[in-house]
Amino acid sequence: MKIRVGQGYDVHRLEVGRPFWLGGIQIPCEFGPVGHSDADVVCHVLCDALLGAANMRNIGYHFSDKDPRWKGVDSKVLLAEVLRMVREAGYDISNVDVTVVLQEPKLNPHIPAMKTCLAGVMNIPEDDISIKATTSEHIGFVGRGEGIAAHCVALIYR
Ligand code: MG
């Protein structure tokens, strides 16, 4: 069996009045991330980690932010397409582990709903999806509330 690991990293700016999409769900908040798509950093790092594991470039390569097709797109659509591509290359998903770095709001209450949503989109068990949240201790762009960052590792096999 061939086992491969990939990692993903993403940042989006936060702005008042934007819907806060994260992990496929909308979080009640007066601000949210800005992007060409719905700016869901959890979906984006999952795409990049899975594409990286399969050595299939990155999310921007497949879904350009210059392409009007992806303007305002639900990132779950992109994630589902990445899974289709990775599975088409013969891989199965072992597990994924995401860390979101955000000063506020607190994400822990929303993590179970994100896992349920993503398990449906990715067609893998919730137990194979880990989502963790941490702050930036009020340091840097995340600490000042200017942005949200996320990291992800994914393990795939065939
Ligand atoms: Mg992104």
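Asp 67 counts as buried, because its relative accessible area is 19% and the cut-off for that word is under 20%. Keep in mind as you read that this is a predicted model. You will find Asp 67 in the loop between α2 (59–62) and α3. What does the side chain of Asp 67 reach? It comes to the backbone nitrogen of Arg 69, at 2.8 Å.

Now follow the chain into helix α3, which spans residues 75–88 and includes Ser 75. Ser 75 is buried, since its relative accessibility is 0%. Its side chain makes a polar contact of 2.9 Å with the side chain of His 44. If we set aside neighbours within four places in sequence, Ser 75 touches Ser 37, Asp 38, Ala 39, Asp 40, Cys 43 and His 44.

His 44 also leads us to the metal. Which residues coordinate the magnesium ion? They are Asp 10, through OD, His 12, through NE2, and His 44, through ND1, at 2.1 to 2.2 Å. Written as a sequence pattern, the spacing of these donor residues is D-x1-H-x31-H. Asp 10 and His 12 are both buried. His 44, then, takes part in two things described here: it coordinates the magnesium ion, and its side chain has the polar contact with Ser 75.

Let us turn to the surface. Tyr 9 sits in strand β1, which covers residues 3–16. Is Tyr 9 buried or partly exposed? It is partly exposed, because its relative accessible area is 43%, and that label covers values between the 20% and 50% cut-offs. Together with Val 11 and Phe 141, Tyr 9 forms a nonpolar patch on the surface, with about 250 Å² of accessible area for the three together.

Pro 28 belongs to the loop between β3 (25–27) and β4 (31–33). It counts as exposed, because its relative accessibility is 67% and exposed means over 50%. Although Pro 28 and Pro 105 are 77 residues apart along the chain, their C-alpha atoms are separated by 9.0 Å.

Here are the accessibility values side by side:

| Residue | Relative accessible area | Label |
|---|---|---|
| Ser 75 | 0% | buried |
| Asp 67 | 19% | buried |
| Tyr 9 | 43% | partly exposed |
| Pro 28 | 67% | exposed |

When you look at the structure, a good place to begin is the magnesium ion with Asp 10, His 12 and His 44. From His 44 you can then step across the polar contact to Ser 75, in helix α3.

Key. Residues numbered from 1 in each chain as written. Predicted model: local features only at pLDDT ≥ 70, side-chain atom pairs only at ≥ 80, totals over all residues. Heavy atoms only, no water. Donors = N, O, S within 2.8 Å, 3.2 Å for Na, K, Ca; no water. Buried < 20%, exposed > 50% of the residue type's maximum accessible area, 1.4 Å probe, protein only. Helix = DSSP H or I, 4+ residues; strand = E, 2+ residues; numbered from the N terminus. Polar contact = N/O pair within 3.5 Å; in protein donor to acceptor, adjacent residues only side chain to side chain. Contact = heavy atoms within 4.5 Å. Patch = residues over 30% accessible without salt bridge, like charges linked within 9 Å, V, L, I, M, F, W, Y side chains within 5 Å. Areas by Shrake-Rupley, 256 points an atom, 1.4 Å probe, with all protein chains shown as cover. Salt bridge = Lys/Arg side-chain N within 4 Å of Asp/Glu carboxyl O.
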